[in-house]
Amino acid sequence: MSVHETGKGGAANPLKQLAKYGQSPWLDFIQRSYTADGSLKKLVDGDGLKGVTSNPAIFQKAMGQGTDYDPQIRSILEHQIVDAGTLYEMLAITDIRDAAKVLYPVYEQTKGVDGYVSLEVSPYLARDTQATIVEARRLWKAVDAANLMIKIPGTQEGAPAVRTAIAEGINVNVTLLFSNDAYKKVLEAYIVGLEDRLAQGKSVAGIASVASFFVSRIDVKIDGEIDRRVAAGDKDAAALKALRGKVAIANAKMAYQYWQGVVKSARWQKLAAAGAMPQRLLWASTGTKDKSFSDVLYVDSLIGEDTVNTIPPKTFDAFRDHGKVAPTLTEDVKGAEQVLADAKRLGLDLDGVTTVLVDEGVKSFEDAFDELLGSVAAKQAAFVGKKVTTTTLHLPADLDAAVKAELEDWRKGGKVRRLWAKDATLWTGKDEANWLKWLSIVDDQILALSKFEEFQAEVKARGFRDVLLLGMGGSSLGPEVLSETFGKHEGFPHLYILDSTDPQQVKAFEKKIDIAKTLFIVSSKSGGTLEPNILKAYFFDEAKKVLGDKVGSHFIAVTDPGSHMEAVAKADGFWKIFYGEKQIGGRYSVLSDFGMVPAAAAGLPLRLLLESALRGEKSCAASVPPAQNPGALLGTVLGVAAKSFGRDKVTILASPAIYDMGAWLEQLLAESTGKNGRGLIPIDDETAGPASVYGKDRLFVYLRLAEKPCEKQDAAFKALIAAGEPVVTIELHDRRQIVEEFFRWEFATAVAGSIIGINAFDQPDVEASKIETKKITTAYNETGRLPPYEPFFKDATFAFYADPKNAAALKDARTAEAILKAHFARAKAGDYVALLAYIERDTATREWIQGVRLAIRDALKLATAAEFGPRFQHSTGQAYKGGPDTGVFVQITADDAITLPVPGEKYTFGIVKEAQARGDLEVLGERGRRAVRVHIHGDLKAGLEKLGQIIKAAV
Ligand SMILES: O=C(CO)[C@@H](O)[C@H](O)[C@H](O)[C@H](O)COP(=O)(O)O
Ligand SMILES: O=C[C@H](O)COP(=O)(O)O
């Protein structure tokens, strides 16, 4: 910054002499240190400076570099969790207020004619009248200074906002004016605004406005065109050359002529008589861009009564040094008219240029604002340090370049803002806007915190030993992560999650709890899902045997308003009913009551968790440009890797203490994106191996818990990175940050869904299996029998089932091993193998399935999924059926060791599970997927062992 010298003082100072001709010099610059160190005041005192203007580009220069703003940023971030936009605004408001204080004496001396400091509304709103009005009001109130001007762009949409703001008594600086036409509309808006006030019986005195007419940019464009034509040997070269550096000034002179006519009009005189001040023309963009011109050209040439020139610092210095002061604005008006006439005659399209300049002006302020917010967000991330998760990308050069290009596309298209504005066209343009309430749920939950805290205290007071949550998918996976990650809290019950129809598993959970001291949470968004309904029926019956009439007081429901479950809960006298948000789908519901209620019951620190969630939300806010926005960044990597690089197997590994995040992520990613033959295939918890066991279809995500990392995982990822595999490392500094990641991944999934080009909020193929299951359970209830079901092969231990097409493909194999061999032989590079086990999910079976999947991966070099039914049907099942046709499925079922009745139904849990397995296989077959079922007869343990052996032999 060079405006330190006040140089020529006193009367000789050309800056001061401007006053003689009625022009006020303002400074087109603001910076904290400049105001703080007294430099600004020196200009006021020494140069007769009478005002200050700011704009996004100016703030970008001020805040984007250096350390001026660091102390305030640090102090804000110590006490508040804010988004980058809010942070910027707090900094800007402080600057504007401080400058306004310096200029206030001028405001007083000139009786409100001068002494103003301008603050611009967000450039993103330049095309939105209503939003501009709201923002103008908000900023006016927030700064709260009489000598403030709110800058509103003079676009077609901005003009009506000017009228409203003026009518409300807000001082307005109308910016980005290039054409006389636009200027005339803005002057009219000002006058009508004042007339509106008069009509409302309000005073028009003391309201100030300037119309910022941009000058030099016009010459840049017109002269550029002249130079091109001259270089191309235009026949009018001489005449064209004579116009260089003249058109912008001529255009400005015409605006002044118009203004003079208006203020003489009877219409204006009436307002003037009522005390109105004229809206002054302010010359903006007055720094010389063409070095061959005088460096004070756009100050010298535009001096006139009742005008302002907002001068950039260098030009300010230059004008002080050698500016010439004369009433130039009204000189040679005929000459100016001639310049414009010549320009027209020579085909220089001034109208076209000014139209383009408005668009470019809006765009360049948007770009500057993006850059500014990006710098603020980056600084913020650095300052909050470990209070938020840290993401590191290791991507191959081609993927890295494509990700950067996509991020730039998102920035240019304002897509993060569009996402927050619920613009369904980011996806398929259907009903997506109705499913985005999760964007603001954290704010709602913070407001509702006392509700959860009271519930938490009640649970504690009642001394429950256990909480058993009955639910599926979106209603169970989030609570499961919370339970697995945070464990049991002193003084609170242990939180168990049951999401199975396997009779052994149901019984096992029953054994874990003490019914007399258990709180049951029946969790179902729709309220109609089969599993939570029959689990409720079973445990309600069991609990009644122990608790008698008090049974209802041990049950609470979490469900959407108006659901079947709500009615059941009311009828059965449940202790409490918590409600979900209809505009949040199950897999996006963890921060709604579906996660908060079990978290409260388990005694988790709710405020701290919500604060972490809020950090996630704020870091992904509309104001945070895509490259600095962790959600947009992650979503872009996921989307681009899958869409353009075939890396659609999102291989998620998490540190042991937070391992269960993968189960929640599986559902979020698979159910959101796996449809229409596209999508992401999450590969969860597949122990990391050397690079040699992977194909080229992987994107690795390492969720590393810094407080408790796993050395083996660290080493494996180090090796993968060294081998050039694409790896996203997300470092969680403490486990509570899983909640921040909940929000971040929801956002990322929405972004990835947009890039992949699907509706990220429906689940069209989940329903299909539910329908098939229903058919079978209904048939059972009617006939007391399952419909006949014939294996295409069986031996002493195994029976193999498949739809006709799959059976035909495998029919030549005559042993269990041969069938599996033939089945796996159908897989090719880029495919994945999913084991879908409808058996009890316990430590032993989880170890078994993990061992088998790794054997498959290492032998076939294919991605593998290890899933338990029916749980996965509410999760990855969507992608298996609706996503890319790259899955090779082995469904595993077994004889049940016990029979567990479902109260009120003929069918048992075992029958339901069988129906679910059949329904699942049926739909996979219908969709032409490669799928086979192997049923184990007799002892499960022995059967699994044998199956493991033959699978290993088959691959
Ligand atoms: O609009 C006002 C003042 O009202 C100015 O701050 C205005 O934005 C600036 O003069 C221009 O943006 C500067 O333009 P340029 O010199 O970069 O072409
Ligand atoms: O993810 C959702 C599951 O299908 C369970 O749905 P629900 O919460 O409506 O019972």
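Two residues are taken to be in contact when their C-beta atoms, placed from the backbone, lie within 7 Å. With that in hand, a good place to start in this predicted model is helix α3, residues 39–47, where L40, L43 and D47 are buried. These three cover an arc of only 70° around the axis, which puts them on the same side of α3. That fits a general rule: an α-helix has 3.6 residues a turn, so residues three or four places apart point the same way. The cover over the buried residues of α3 includes α1 (14–17), β1 (23–27), α2 (32–36), α6 (84–109) and α15 (313–322). Just after the helix comes G48, with a positive phi near 70°.

Stepping back, the protein chain holds 38 helices and 24 strands. Its C-alpha trace spans about 110 × 70 × 50 Å along the principal axes. Of its 955 residues, 55% count as buried. Take the contacts between residues at least 6 apart in sequence, and 79% of them turn out to join residues at least 24 apart.

The domain assignment splits the chain into domain 1 (21–217 + 266–323 + 356–360), domain 2 (388–421 + 622–756), domain 3 (439–612) and domain 4 (764–954). Between the centres of domain 2 and domain 4, taken over C-alpha atoms, there are 29 Å. Where these two meet, 25 residues of domain 2 are in contact with 23 residues of domain 4. On the domain 2 side, β15 (649–654), α29 (661–673) and β16 (681–684) are the elements that give two or more residues. The most comes from α29, with four residues. By class, the domain 2 side has six nonpolar, 10 polar and nine charged residues.

Next up are the strands. Strand β7 (280–284) is largely enclosed by the rest of the structure, because five of its five residues are buried. R280, L282 and A284 point one way from β7, while L281 and W283 point the other way. On one pairing, β7 runs parallel to strand β6 (residues 209–214), joined to it by five bridges; here F214 stands opposite A284. On another, three bridges join β7 to strand β8 (residues 307–311), again in parallel, and W283 has N309 of β8 as its bridge partner.

Elsewhere, six strands form an open sheet with mixed pairing, in the order β19-β20-β24-β23-β21-β22. The edges belong to β19 (793–794) and β22 (863–868), each with a single partner strand, so one side of each is left without a neighbour in the sheet. Within this sheet, strand β20 (residues 798–801) pairs with strand β24 (residues 930–936) in the antiparallel sense, over four bridges. One of the matched pairs there is Y801 with R933 of β24.

Two ligands come with the model. Around ligand 1 there are 16 residues, of which T53, N55, S212, A284 and S285 come nearest. That shell draws at least two residues from each of β5 (172–177), α10 (216–231) and β7. It divides into three nonpolar, 10 polar and three charged residues. A284 thus turns up twice, both around ligand 1 and among the buried residues of β7. As for ligand 2, its surroundings are M472, G473, G474, S475, S524, K525, S526, T529, P532, G586, R587 and H874. By class, this shell has two nonpolar, eight polar and two charged residues.

Finally, two loop residues deserve a look. G245 sits in the loop between α11 (237–242) and α12 (247–264), and it counts as buried because it has 20 C-beta neighbours inside 10 Å. Leaving aside residues up to four places away in sequence, G245 touches D219, D223, D290, F293 and L297. One of these, F293, is 48 residues from G245 along the chain, yet their C-alpha atoms are separated by 7.5 Å. W438 lies in the loop between α19 (415–420) and α20 (441–447). With 24 C-beta neighbours inside 10 Å, W438 is likewise counted as buried. Again setting aside residues up to four places away in sequence, W438 touches I584, Y588, L591 and E746. From W438 to S623 the C-alpha distance is 17 Å, with their positions 185 residues apart in sequence.

Note on methods
Residues are numbered from 1 along each chain as its sequence is written. Chains are lettered from A and ligands numbered from 1 in the order in which they are written. This is a predicted model: local features need pLDDT of at least 70, side-chain atom pairs count only at pLDDT 80 or more; totals for chains, interfaces and linings use all residues. A residue is near a molecule or strand if its C-beta atom, placed from the backbone, lies within 6 Å of it. Ala, Val, Leu, Ile, Met, Phe, Trp, Tyr, Cys and Pro count as nonpolar, Asp, Glu, Lys and Arg as charged, and the others, Gly among them, as polar. A residue is buried if 20 or more other C-beta atoms lie within 10 Å of its own, exposed if 12 or fewer, and partly exposed in between; C-beta atoms are placed from the backbone. Domain bounds come from an automatic or database domain assignment. The arc is that of the directions from the helix axis to the C-beta atoms. Two strands pair if DSSP finds at least two bridges between them.
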